[in-house]
Amino acid sequence: MSLQRWRLDGQTALITGASAGIGLAIAHELASLGADLMIVGRDINALESARDELLDTYPQQQVKALAADVSDDEDRRQILDWVEDHGEGLHLLVNNAGGNVSRPAVDYTEDQWRGIFETNLFSAFELSRYAYPLLSQHAASAIVNVGSVSGLTHVRSGVVYGMTKAGMHQMTRNLAAEWAEDGIRVNAVAPWYIRTRRTSGPLSDPEYYEQVIERTPMRRIGEPQEVASAVAFLCLPASSYVTGECIAVDGGFLRNGF
């Protein structure tokens with residue numbers, strides 16, 4: 001069996017939300033497998049720091065960075081113009097950028113819930129559509145959407161976040177079926193609690209932390225690298241017959257009965 005099935009040499013990956021946490025872990029994982037990177041994030045300082053870190057670790061790979069806000073359609077179009085201008089082609093798109101404001105349903109302002117939809121769902125849909133002409137130029141390319149277990153069952157992250165992630169999972173299934181004939185595979189991952197800056201707040205509450213652990217059969221919090229490994233698999237030629245799937249990276253949370 002060819003080891004190239006487990007490599008991404010010669011492929012270019014666009015990763016959103018790549019300056020920290022899960023996105024940065026995904027960038028590391030794909031670069032370690034031979035992919036060149038185009039990383040996007042809102043915070044230019046954090047993004048440049050991530051780019052320097054990646055170049056230091058993988059000096060043989062190209063790493064380009066663009067500061068942009070995926071919740072803004074003008075920025076979304078700018079991202080794809082930037083990719084096209086570099087002329088390297090595009091083989092992989094990882095829609096990782098996301099955000100949340102967690103509160104009771106009746107307490108959201110319209111701007112708040114619409115903003116979450118723009119960041120989490122509409123950005124992934126639009127970037128996938130804008131990237132389609134580039135991705136379809138290749139015999140085999142892939143999109144991986146970073147969803148959430150909150151799109152599959154109720155958790156305490158708020159109804160709006162759950163709605164956006166459920167929409168992302170359904171978008172994954174629909175685009176997988178629609179674009180299969182174009183050589184584009186579309187899959188998703190659904191993490192549970194992962195140890196990142198965003199989750200450090202709620203997990204710092206000992207009582208809440210224990211409740212999370214009690215519902216997680218593996219009895220620990222996941223690491224960003226564990227999500228990145230699942231994303232990488234879905235990008236690899238080794239997963240060439242996998243499309244429309246959502247892999248839970250959750251320590252067994254979704255399979256836990258009582």
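This report describes the parallel sheet of a predicted model, a helix packed on it, and its largest cavity.

Local features rest on pLDDT of at least 70 and side-chain atom pairs on pLDDT 80 or more, while totals for chains, interfaces and linings use all residues. Residues are numbered from 1 along each chain as its sequence is written, and side-chain values use heavy atoms, without hydrogens and water.

Seven strands, in the order β3-β2-β1-β4-β5-β6-β7, form an open sheet with parallel pairing; strands (E, at least two residues) and helices (H or I, at least four) are DSSP runs numbered from the N terminus, and two strands pair if DSSP finds at least two bridges between them. At the edges lie β3 (63-67) and β7 (246-249), each of which pairs on one side only.

Strand β2 (residues 36-41) is joined to β3 by five bridges, and two of the facing positions are tabulated here.

| Residue | Partner in β3 |
|---|---|
| I39 | A65 |
| G41 | A67 |

From β2 the chain crosses through helix α2 (residues 44-57) to β3 in a right-handed β-α-β crossover, that is, one whose path from the first strand over the helix to the second runs clockwise with the strands pointing away from the viewer.

Helix α8 (residues 224-235) packs on the sheet and touches β4 (92-95), β5 (141-146), β6 (184-191) and β7, where contact means heavy atoms within 4.5 Å.

The largest cavity is lined by T12, D36, L37, M38, Q62, K64 and E88, with β2 giving the most, three residues; a cavity is a set of points on a 1 Å grid over the protein atoms alone where a 1.4 Å probe fits but cannot get out, and lining residues have an atom within 4 Å of a point.

Notes: Axes are lines fitted to C-alpha atoms, for helices over the stretch in contact, and angles run from 0 to 180 degrees between N-to-C directions. On a 1 Å grid over the protein atoms alone, a cavity is a set of points where a 1.4 Å probe fits but cannot get out, and a pocket is an open set with protein on both sides within 12 Å along at least five of seven lines; lining residues have an atom within 4 Å of a point. Grid points are joined across faces, edges and corners, and a volume is the space filled by probe spheres set on the points.
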